[in-house]
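Work through the exercises below with the sequence and the coordinates at hand. Each task is followed by a solution in steps.

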Amino acid sequence: MNTINFNDFFSKNKDKISQILPVSSAYYPAGDNLYYEDVSEKIMILTKGAARLLTVDPNGRSGIVEFFDENSVILSSLMRYSGNITYILSFTEPSTLMSFSPDDFVNIKSHTDIFGEFLSAVMAGISDSAVKLNIRTAITACRTTRSKLAEYFNYMRLSTNSVRFKIPISMSELADYIGADRAAMLREIKKMQDEGLLISKNRHITLLV
């Protein structure tokens, strides 16, 4: 288990980190897209706003890979081309992105305490992102819509430590994220509710079993 929560650490030390690291910061309006060649070999921190990582195939079909909110750590390596698939970081809200190169770490000579904590926090943030990607892979690997939903709901239960939680994205985005048809997903949620497995209302879920 990570001993440092990146979100908490960065929220408290954002100004200090900006002073000791040669970071660059850029603003992106909602709807802007960022490609790998724009941020090659960079570590990025979403200091404000929200974004999502999309895949786009040669036919223009897109899919959601991951969601990022404020103080998320994003590795540019996630956006590398894979075969014929293009990865895009798409901003869903007006956002500010801080970026720096791993090489910048080598030149840090002072502020060793705060810098050491920052490195640990970044590694914790990267680890959390990797876990989320692995979970998404496990969800999409499920063969049925119900099993995809069950896997996602179990993830939400564990991450919120509660059987009651709110789905943090729209139902259309959820269907895209788990790799299911939206209408089929909504029907399955209704079936699960009719069977007494859960209560669903306005994206609020209560698991009953």
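The exercises cover the sheet, the nonpolar cores and the salt bridges of this predicted model.

**Exercise 1.** Determine the strand order of the open sheet formed by 4 strands, and describe how helix α1 lies against the strands.

Solution.
- Step 1. The 4 strands follow the order β1-β8-β3-β6, with antiparallel pairing.
- Step 2. β1 (24-28) and β6 (72-75) each pair on one side only, which makes them the edge strands.
- Step 3. On average, neighbouring strands in this sheet are turned by 30° against each other, direction ignored.
- Step 4. Between β3 (residues 43-48) and β8 (residues 95-100) there are 5 bridges. Within this pair, Lys48 stands opposite Thr96.
- Step 5. Helix α1 (residues 6-20) lies across β3, β6 and β8, and runs at about 95° to β3.

**Exercise 2.** Identify the elements that supply the largest nonpolar core, and list the contacts of Phe153.

Solution.
- Step 1. The largest nonpolar core contains 23 residues. Phe153 is among those with the most contacts inside it, as are Tyr152, Ile167, Leu174, Ile178 and Met185.
- Step 2. At least two residues of this core come from each of α3 (145-160), α4 (171-178), α5 (182-194) and β11 (204-207).
- Step 3. Leaving out residues up to four places away in sequence, Phe153 touches Phe165, Ile167, Ile189, Met192, Leu198, Ile205 and Leu207.
- Step 4. A second core, separate from this one, has 17 residues, including Tyr36, Leu46, Met79 and Leu97.

**Exercise 3.** Find the salt-bridge partners of Glu173, Asp57 and Glu195, and classify residues in these pairs as buried, partly exposed or exposed.

Solution.
- Step 1. The chain has 5 salt bridges.
- Step 2. Glu173 pairs with Arg52, with the closest N and O atoms 3.0 Å apart. Because Glu173 lies in helix α4 and Arg52 in strand β4 (residues 51-56), the pair ties together parts that are 121 residues apart in sequence. Arg52 has 22% relative accessibility, so it counts as partly exposed.
- Step 3. Asp57 pairs with Arg61, the closest N and O atoms being 3.1 Å apart. Asp57, at 17% relative accessibility, counts as buried, whereas Arg61, at 55%, counts as exposed.
- Step 4. Glu195 meets Arg146 at 2.8 Å, N to O. Arg146 is in helix α3 and Glu195 in the loop between α5 and β10 (198-201), 49 residues apart. Arg146 is partly exposed at 25% relative accessibility, and Glu195 is partly exposed at 49%.
- Step 5. Salt bridges link Arg146, Glu188 and Glu195 in a network.

Definitions and conventions: Residues numbered from 1 in each chain as written. Predicted model: local features only at pLDDT ≥ 70, side-chain atom pairs only at ≥ 80, totals over all residues. Heavy atoms only, no water. Core = buried A, V, L, I, M, F, W, Y, C linked by side-chain atoms within 4.5 Å. Buried < 20%, exposed > 50% of the residue type's maximum accessible area, 1.4 Å probe, protein only. Contact = heavy atoms within 4.5 Å. Pairing = 2+ DSSP bridges. Axes fitted to C-alpha atoms, helices over the stretch in contact; angles between N-to-C directions. Salt bridge = Lys/Arg side-chain N within 4 Å of Asp/Glu carboxyl O.
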